[in-house]
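Trainee: I have a structure open and want to learn how to read it. Where should I begin?

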Amino acid sequence: MKKLFARALILALLASPPLSAETLFVTLEKDNALAVVAAPEGKLVKTVKIGKRPRGIVLSKDQKQLYVAASDDNTIQLIDTASLKVVGTLPSGEDPETFAMDPEGKFLYVSNEDDNQVTVIDIAAKRAVKAIPVGVEPEGIAVSPDGNWVVSTSETTNMAHWIDRKSLQIVDNTLVDPRPRAARFTDDGMQLWVSSEIAGTLTVIDVAAKQPVKKLAFKIPGVTQEKIQPVGIRIDPDRRYAYVALGPSNRVAVIDAQKLEVVTYLLVGQRVWNLEFSPDRKRLYTTNGVSNDISIIDLDQHKVLKSVAVGQYPWGVAVKP
Amino acid sequence: MRFMHYLRALRGVMTRELFRFVHQRERFISALVRPLMWLFIFAAGFRSTLGVAIIPPYETYILYEVYITPGLLGMVQLFNGMQSSLSMVYDREMGSMKILLVSPLPRGYLLTSKLLAGVLVSVLQAYVFLGIAYAYGIEAPPMGYLDVLPALVLSGLMLGALGLLLSSFIKQLENFAGVMNFVIFPMFFLSTALYPLWKIQESSELLYTLAQYNPFTHAVELIRFALYGQFNRDACIATATALLVFLILAIIGYNPSRGMMQRKGGPSQ
């Protein structure tokens with residue numbers, strides 16, 4: 001008893017309850033809702049109804065609004081991060097799923113999977129300024145940190161299309177493995193990483209040459225190869241480690257971003273889809289679509305701390321400090 | 001002086017058990033190989049089958065090998081308890097039991113000393129197993145390795161007491177195979193060592209009920225929670241109750257005027 005008491009005292013002193021460092025906003029594809037989670041403790045604060053089939057989610061530059069792709073409403077909704085109310089919409093074109101924001105926070109680039117185009121939205125004017133024809137079934141999209149490039153990956157054409165941001169024209173294409181899903185630039189802008197869902201690989205492309213420098217395959221003991229479907233990518237700002245969500249294999253791959261080798265696989269919830277860093281880059285949050293929860297990963301130890309239920313089909317996550 | 005006498009007896013019994021343990025290297029290795037086979041071979045095949053639900057004390061998805069580690073700690077102790085019972089039967093056959101039992105100290109005390117000696121050995125084995133599991137990548141929170149000690153002692157005592165009780169029933173060494181069949185296997189398989197209770201319930205309500213009342217289930221859950229820094233009160237009460245019942249029955253069983261040895265006319269008579 002005495003020992004227990006002493007233990008409790010030590011625990012109370014050492015681990016004073018962690019104060020919420022950040023707020024997570026998770027889109028719930030099936031609930032047509034947005035879950036608000038206090039992190040790192042992982043407490044579901046509230047769930048609010050928003051548009052139909054919400055998927056892609058991005059925090060505005062001033063962090064006052066969220067842009068959420070309401071796929072079945074064919075629009076991008078503007079949601080106030082304080083009141084959690086829908087305060088406006090952006091004309092995204094048909095069935096928006098993934099989109100990217102430019103470094104200045106002025107434009108959104110939306111993949112329109114059914115129309116084989118990328119819609120460019122002027123956020124302030126709430127207007128679509130251009131539709132750029134790309135390959136068949138565009139999915140992944142990313143804007144380079146220097147703002148020179150928009151890259152769109154098309155799932156059926158199996159290409160990364162390089163769109164010049166000034167002319168809004170495709171100027172180059174890089175062939176990648178089947179069904180490219182997500183694209184992500186390194187913070188230094190030197191590399192573009194593309195995950196291929198069907199091939200189960202990750203292609204690292206040199207931005208200057210627009211040529212692949214390395215193709216990474218994943219192998220998890222005890223998991224069949226077809227379950228390994230890479231989707232979401234996050235890369236450390238100093239390019240030490242990178243993390244790739246591997247879909248129905250329920251794992252996140254930890255990659256040495258210098259050597260471009262897999263370091264380890266972390267077990268998270270079912271069908272892990274998208275990832276986001278905490279602002280201090282000490283944690284990684286994952287959305288697990290089938291098990292209806294998010295997992296919280298400690299990046300110092302590369303350990304999954306906990307998984308928390310948030311609602312049905314969590315798809316995307318945005319983190320607000 | 002009397003207190004010193006008690007201490008000397010306890011030390012004597014413990015030293016003998018430790019000597020036995022240290023000198024029988026095969027026994028030590030075999031005690032480790034058994035759970036390690038389960039961990040490296042059996043669990044490897046089921047690696048990804050369990051990660052479908054989160055059950056306390058775990059806070060996230062775990063691999064099957066993480067799940068069965070506390071169960072295998074229980075297995076180490078279960079086998080150790082049975083091994084002690086085996087050695088009691090051996091002692092009885094060889095006559096060295098007589099030397100112990102002619103001591104003027106109370107029988108209950110002598111049996112408890114024997115029990116403590118067995119627990120000491122089983123806790124040592126459990127920690128060696130935890131060390132190997134750690135090297136294999138099954139890591140519990142650092143404090144868990146300290147918290148699990150009282151749980152291991154209690155579960156070790158309970159399973160050791162069960163061994164003592166059984167040894168009072170077994171007439172000859174040859175009957176030990178029966179213990180394997182009718183005690184070790186049912187206790188191990190009908191517990192939460194290999195599958196969580198909800199999984200057992202999915203397949204059979206009867207097995208679920210049996211597993212719920214199996215003292216080994218509670219010993220395993222006590223260890224499991226302690227390893228993750230949590231105290232499972234119900235499991236603790238159940239394990240402690242089982243310990244008392246087994247120990248009292250064992251002491252009665254070893255009483256020559258009332259016990260089983262008398263009735264069955266054991267070989268020491």
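**Reading a strand, a helix and some loops**

Mentor: Begin with one strand. Strand β25 (residues 283–288) of chain A is mostly covered, with six of its six residues buried. Keep in mind that this is a predicted model.

Trainee: Which residues point one way from β25(A), and which the other way?

Mentor: A:R283, A:Y285 and A:T287 point one way. A:L284, A:T286 and A:N288 point the other way. Both sets are buried.

Trainee: Next, the neighbours. How many bridges join β24 of chain A to β25(A)?

Mentor: Look for bridges, then for direction. Five bridges join strand β24 (residues 272–277) of chain A to β25(A), and the two run antiparallel. To find the register, take one pair: A:N274 stands opposite A:T287 of β25(A). The connection is a hairpin with five residues between the strands. In that turn, A:R281 has a positive phi of about 60°.

Trainee: And which way does β26 of chain A run against β25(A), parallel or antiparallel?

Mentor: Antiparallel, with six bridges between β25(A) and strand β26 (residues 293–298) of chain A. Here A:R283 has A:D298 as its bridge partner in β26(A). Again the link is a hairpin, with four residues between the strands. A:N292 in this turn has a positive phi of about 60°.

Trainee: Now a helix. How do I read α2 of chain B?

Mentor: Check length, then bend, then packing. Helix α2 (residues 25–45) of chain B has 21 residues. From first C-alpha to last it reaches 30 Å, close to the 30 Å expected at 1.5 Å a residue. Even so, α2(B) has a kink of about 30°, centred on B:L36.

Trainee: Which residues of α2(B) are buried?

Mentor: Start from the general idea. An α-helix has 3.6 residues a turn, so residues three or four places apart point the same way. In α2(B), the buried residues are B:A31, B:P35, B:W38, B:L39 and B:A43. They pack against α3 (64–94) and α5 (107–135) of chain B.

Trainee: Which residues have the most contacts inside the largest nonpolar core?

Mentor: The general idea comes from soluble globular proteins, where nonpolar side chains tend to be buried together. In this model, the largest nonpolar core has 149 residues, and A:Y109 and B:A161 have the most contacts inside it. Leaving out residues up to four places away in sequence, A:Y109 touches A:F99, A:A100, A:V118, A:V120, A:I141, A:V143 and A:V150.

Trainee: How many residues of chain A are in contact with chain B?

Mentor: Twelve, and they meet eight residues of chain B. Strand β27 (residues 303–309) of chain A gives the largest share of chain A's side, four residues. By class, that side has six nonpolar, five polar and one charged residues.

Trainee: Last, the loops. Which backbone angles should I check there?

Mentor: Check omega for cis bonds. The peptide bond from A:A39 to A:P40 is cis, with omega near 10°. A:P40 is in the loop between β2 (33–39) and β3 (43–49) of chain A. The bond from B:P56 to B:P57 is also cis, with omega near 5°. B:P57 is in the loop between α2 and α3 of chain B.

Trainee: And phi? Is A:N158 buried or exposed?

Mentor: A:N158 is no glycine, yet its phi is positive, near 55°. It lies in the loop between β13 (149–154) and β14 (159–164) of chain A. A:N158 counts as buried because 21 other C-beta atoms lie within 10 Å, and the cut-off is 20 or more.

Key: Residues numbered from 1 in each chain as written. Chains lettered and ligands numbered in written order. Predicted model: local features only at pLDDT ≥ 70, side-chain atom pairs only at ≥ 80, totals over all residues. Contact = placed C-beta atoms within 7 Å. Nonpolar A, V, L, I, M, F, W, Y, C, P; charged D, E, K, R; others polar. Expected span 1.5 Å × (residues − 1). Bend = angle between axes of the 7 residues up to and from the residue. Buried ≥ 20, exposed ≤ 12 C-beta atoms within 10 Å, placed from the backbone. Core = buried A, V, L, I, M, F, W, Y, C linked by C-beta atoms within 7 Å. Pairing = 2+ DSSP bridges.
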